[in-house]
Amino acid sequence: MERIIDSRPAFRMLDGKRPEEIFNTLPTPCYVIDEKQLHRNGEILASVIKNTGCKILLAQKAFSNYDLYPVLAQYISGTEASGLFEARLGAEEMSEKEVHVFCGAYRDDEFEELLKYVDHIVFNSPYQLKRFGSRAKQAGKSLGLRINPECSTQDGHEIYDPCAAGSRLGTTRQIWDEQMTEELVSLLDGLHFHTLCEQNADALEITLKSVEEKFGDVISKMKWLNMGGGHHITREDYDISRLEEIILYAQNKWRVEVYLEPGEAVALNAGYLASRVLDIIQNGEVKIAILDASAACHMPDVIEMPYTPPLYGEKEGKQKYIFRLAGPTCLAGDVIGDYSFEEELRVGDILLFGDMAIYSTCKNNTFNGMPLPNIWRRTDNGELERLTDFGYKDFKMRLGKI
Ligand SMILES: *Cc1c(COP(=O)(O)O)cnc(C)c1O
């Protein structure tokens, strides 16, 4: 019988269940998406919609487990896509709601099909607007341009900062003044900015000031203003009333409809990655547990961002036993992090990582021939339902004829 490290949890199941009651029967590694937590997040987002009249879209690049879209559709206004495939997914799986798309550059050979799926289309540059705008307009779409307010509010995270020097994302005021002819402006229904990442409402307030300074004169000609994602609305310390004030301010000031398109906040803390210990090895002072889950393959943001995910049963402060948790691949840096335990880890122990719904199932890979972990849904009444059946075929078919 496997043992789950039992102590004060770094995160809890919403219904107070202990993980061994839930996960002992599951083959690992696997992701589990927690419907209850999606409901909780959905309720928070729905209350922002209700209090302000804004619209909130799911940014599918963060979370696109469409079996759960019917849960989210009860609360939010639609989906946002990064391109053709996500747009199609949103149109197919949340069909009764709005579908928006933003892409750094659209392709000629995809554009007609894209128009079938979306109702709002956001361009990155005046050139893209010029090239595709009238086709989109004739097809009855609502058109937007992404602007760059050149206001960095993140420190140290340049790869997540669309306002970093030299960024390709969004049109600066200088380029607007040089290239946006009256005819192009007349094609626009809205403006879009996305500059935040896991931030609170204070960063949005600073950003909106900058948007107002640089683009205030043109926003009032628009029907809508999309404030992008990166709002960590469902995080415990998020200042929701300040967000609501900012939305109301924009609506009153410019008479625009306000959109938010968070990814993270929609599925925050709504997923786990369950893994078993395969071996315990030691190098000098360092004890390492090799797991059947890989940071590089199954939780890529742990390495890319980087961050250390919460672990069920992890203790705050230094405990007696420190283990480095690492993956089974050949990559020396396939390390999840150093964690501290009251008891020794043993082969066969189940470890449960939190924060694994977002940027995980939609971003994993089969490097080293690692299998993709299956995805399970944990329903409101605690039942487990397997959503995928990954195997060798999913590794092989991406590499050649099958
Ligand atoms: C990434 C992204 C989002 C969602 O960001 P989160 O940090 O997941 O909330 C929304 N809109 C655009 C244009 C994005 O690139």
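This text goes through a predicted model, beginning at the ligand, moving to the paired strands and ending with some backbone details in the loops.

The ligand occupies the largest pocket. Around the ligand stand 14 residues, and the closest of them are Lys 61, Gly 230, Glu 261, Gly 263 and Tyr 359. Sorted by class, this shell holds four nonpolar, five polar and five charged residues.

Polar contacts to the ligand come from both side-chain and backbone atoms. From the side chain of Glu 261, an N or O atom lies 2.8 Å from a nitrogen atom of the ligand. Gly 263 uses its backbone instead: one of its backbone N or O atoms is 2.9 Å from an oxygen atom of the ligand. Glu 264 also takes part through the backbone, with a polar backbone atom 2.9 Å from an oxygen atom of the ligand. Taken alone, the ligand would expose 390 Å², and the protein buries 90% of that area.

The next part concerns strand E9, which spans residues 257-260. Strand E2, made of residues 55-59, runs parallel to E9 and is joined to it by two bridges. Within this pairing, Lys 55 has Tyr 259 of E9 as its bridge partner. E9 also pairs with strand E8, residues 224-226, again in the parallel sense and over three bridges. Here Trp 224 is matched with Glu 257 of E9. E9 is thus bridged to E2 and to E8.

The remaining points are about backbone geometry. As a rule, most peptide bonds are trans, and most residues other than glycine have a negative phi. Against that background, which form does the peptide bond from Thr 28 to Pro 29 take, cis or trans? This bond is cis, with omega near -5°. Pro 29 sits in the loop that links helix H1 (19-23) to strand E1 (30-34). A cis bond is also found from Met 305 to Pro 306, where omega is near -15°. Pro 306 belongs to the loop between helix H13 (300-304) and strand E12 (321-326).

Asn 269 is an exception of another kind: this residue is not a glycine, yet its phi is positive, at about 55°. Asn 269 lies in the loop that runs between helix H11 (264-267) and strand E10 (271-283). Helix H11 begins at residue 264, and Glu 264 has the backbone contact with the ligand described above.

Technical notes: Residues are numbered from 1 along each chain as its sequence is written. This is a predicted model: local features need pLDDT of at least 70, side-chain atom pairs count only at pLDDT 80 or more; totals for chains, interfaces and linings use all residues. Side-chain values use heavy atoms; hydrogens and water are left out. A residue is near a molecule or strand if one of its heavy atoms lies within 4 Å of it. A polar contact is a pair of N or O atoms within 3.5 Å; within protein, one must be able to donate a hydrogen and the other to accept it, and residues adjacent in sequence count only if both atoms are side-chain atoms. Accessible areas come from the Shrake-Rupley method with a 1.4 Å probe; for residues, only the protein chains shown count as cover. On a 1 Å grid over the protein atoms alone, a cavity is a set of points where a 1.4 Å probe fits but cannot get out, and a pocket is an open set with protein on both sides within 12 Å along at least five of seven lines; lining residues have an atom within 4 Å of a point. A molecule sits in a cavity or pocket if more than half of its atoms lie within 2 Å of its grid points. Ala, Val, Leu, Ile, Met, Phe, Trp, Tyr, Cys and Pro count as nonpolar, Asp, Glu, Lys and Arg as charged, and the others, Gly among them, as polar. Two strands pair if DSSP finds at least two bridges between them. Helices (H or I, at least four residues) and strands (E, at least two) are DSSP runs, numbered from the N terminus.
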